[in-house]
Amino acid sequence: MNFNNLSNRTKGIIFIILSAFGFAMMSAFVKLAGDLPSFQKTFFRNLVSAIVALILILKHKESLFGKKENQKTLIMRSTFGTLGIVLNYYAIDRLILSDANMLNKLSPFFVIIFSALFLKEKINFKQGLALVIAFSGALFIIKPSFNFEMIPALAGIGGAIFAAAAYTCLRVLGGKEKHYTIVFYFSAFSLVAIFPFMMAVYKSMTMTQLMYLLLAGVFASVGQFGITLAYKYAPAKEISIFDYSNIIFSALISFVIFGALPDYLSVIGYLIIFGASLFMFLYNKKLDKKIRR
């Protein structure tokens, strides 16, 4: 099978599933690294991404920091992305892996909200309904208790909100910058921004912990380049549903490595959020066919 002969949609699906696997493995290694500050984990994760992106930029003789007219959007994407990772890592450390990753998968629904607020895209009744259903599903995972036990789940949602803001910025960037320039800019920005916070809370690491964090960085790069290439080949409305393969990977990894499985309430939450996502996926496909006519 020749990859070049595949349709752009099929290429997009392959890359988004590869991305989902990469991020699931990243989450596992972040959790395996143990009791280290989220800032420290974020720093080493993005150090690897920056090195990989830098090698690709030098190889293709592309810009390190992008075009002048895109700086504002690149800074916003990097700021939101960095905050999203820190909060997501905090949630990963304290929740079952698949719970943390499913809360992060609320980000497409927040993208709808941000697109309405900043890109002036109207939210219709069906999109609004999907939003309400998805957020009700999140309640089954969060299990509101109104005490400190809720903080990791709220951090997970915060991570999804900032990830959505970062993805909205990626939509604005479109094809204006090369994917490795965007990844390098984000990773380098994050390293500089995180460094003082990491040093303030730094904990000494064993060689095993360092190896786990570097592996988290490797798989984060797979996830990051995968999702950037996926959306290069196909629009989100055509392939975003396949990103939920991450939850299957996460649940399997969580069981095999950590011997942990989500409880029945979390599984109900997964099904509700996935159902809302499937509804939006099918609705967007139907809408797209009408526009083509």
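**Reading a predicted model: a residue, a pocket, a domain**

Tutor: Let's start with N246, whose place is in helix α11. Keep in mind that this is a predicted model.

Student: Okay. Is N246 buried or exposed?

Tutor: Buried means under 20% relative accessible area. N246 has 2% relative accessibility, so N246 counts as buried.

Student: Which residues is N246 in contact with, leaving aside neighbours within four places in sequence?

Tutor: Those are A20, F23, A24, N101 and K105.

Student: And how do I read Y233 in helix α9?

Tutor: Use the accessibility again: Y233 counts as partly exposed because its value is 23%. Helix α9 covers residues 207–233. Not counting residues up to four places away in sequence, Y233 touches F3, N8, K11, G12 and F15. As for K143, it sits 90 residues from Y233 in sequence and 38 Å away in space, C-alpha to C-alpha.

Student: How does one find a pocket?

Tutor: Rolling a probe the size of a water molecule over the atoms shows where empty space is left. Here, the second largest pocket has a volume of about 210 Å³.

Student: Which elements give two or more residues to the lining of that second largest pocket?

Tutor: Helices α11 (245–258) and α12 (264–292) do. The lining includes S245, I247 and I248, as well as Y270, L271 and F274. By type, the lining residues are 10 nonpolar, one polar and no charged.

Student: What does UniProt list for "domain: EamA"?

Tutor: The unreviewed UniProt entry gives residues 11–142 and 153–281. In the model, the span 11–142 is 81% helix and 0% strand, with its end C-alpha atoms 35 Å apart.

Notes
Residues are numbered from 1 along each chain as its sequence is written. This is a predicted model: local features need pLDDT of at least 70, side-chain atom pairs count only at pLDDT 80 or more; totals for chains, interfaces and linings use all residues. Side-chain values use heavy atoms; hydrogens and water are left out. On a 1 Å grid over the protein atoms alone, a cavity is a set of points where a 1.4 Å probe fits but cannot get out, and a pocket is an open set with protein on both sides within 12 Å along at least five of seven lines; lining residues have an atom within 4 Å of a point. Grid points are joined across faces, edges and corners, and a volume is the space filled by probe spheres set on the points. Helices (H or I, at least four residues) and strands (E, at least two) are DSSP runs, numbered from the N terminus. Ala, Val, Leu, Ile, Met, Phe, Trp, Tyr, Cys and Pro count as nonpolar, Asp, Glu, Lys and Arg as charged, and the others, Gly among them, as polar. UniProt positions are given in the numbering used here, feature names are shortened, and annotations may be inferred rather than shown by experiment. Buried means under 20% relative accessible area, exposed over 50%, partly exposed in between (1.4 Å probe, protein chains only). Contact means heavy atoms within 4.5 Å.
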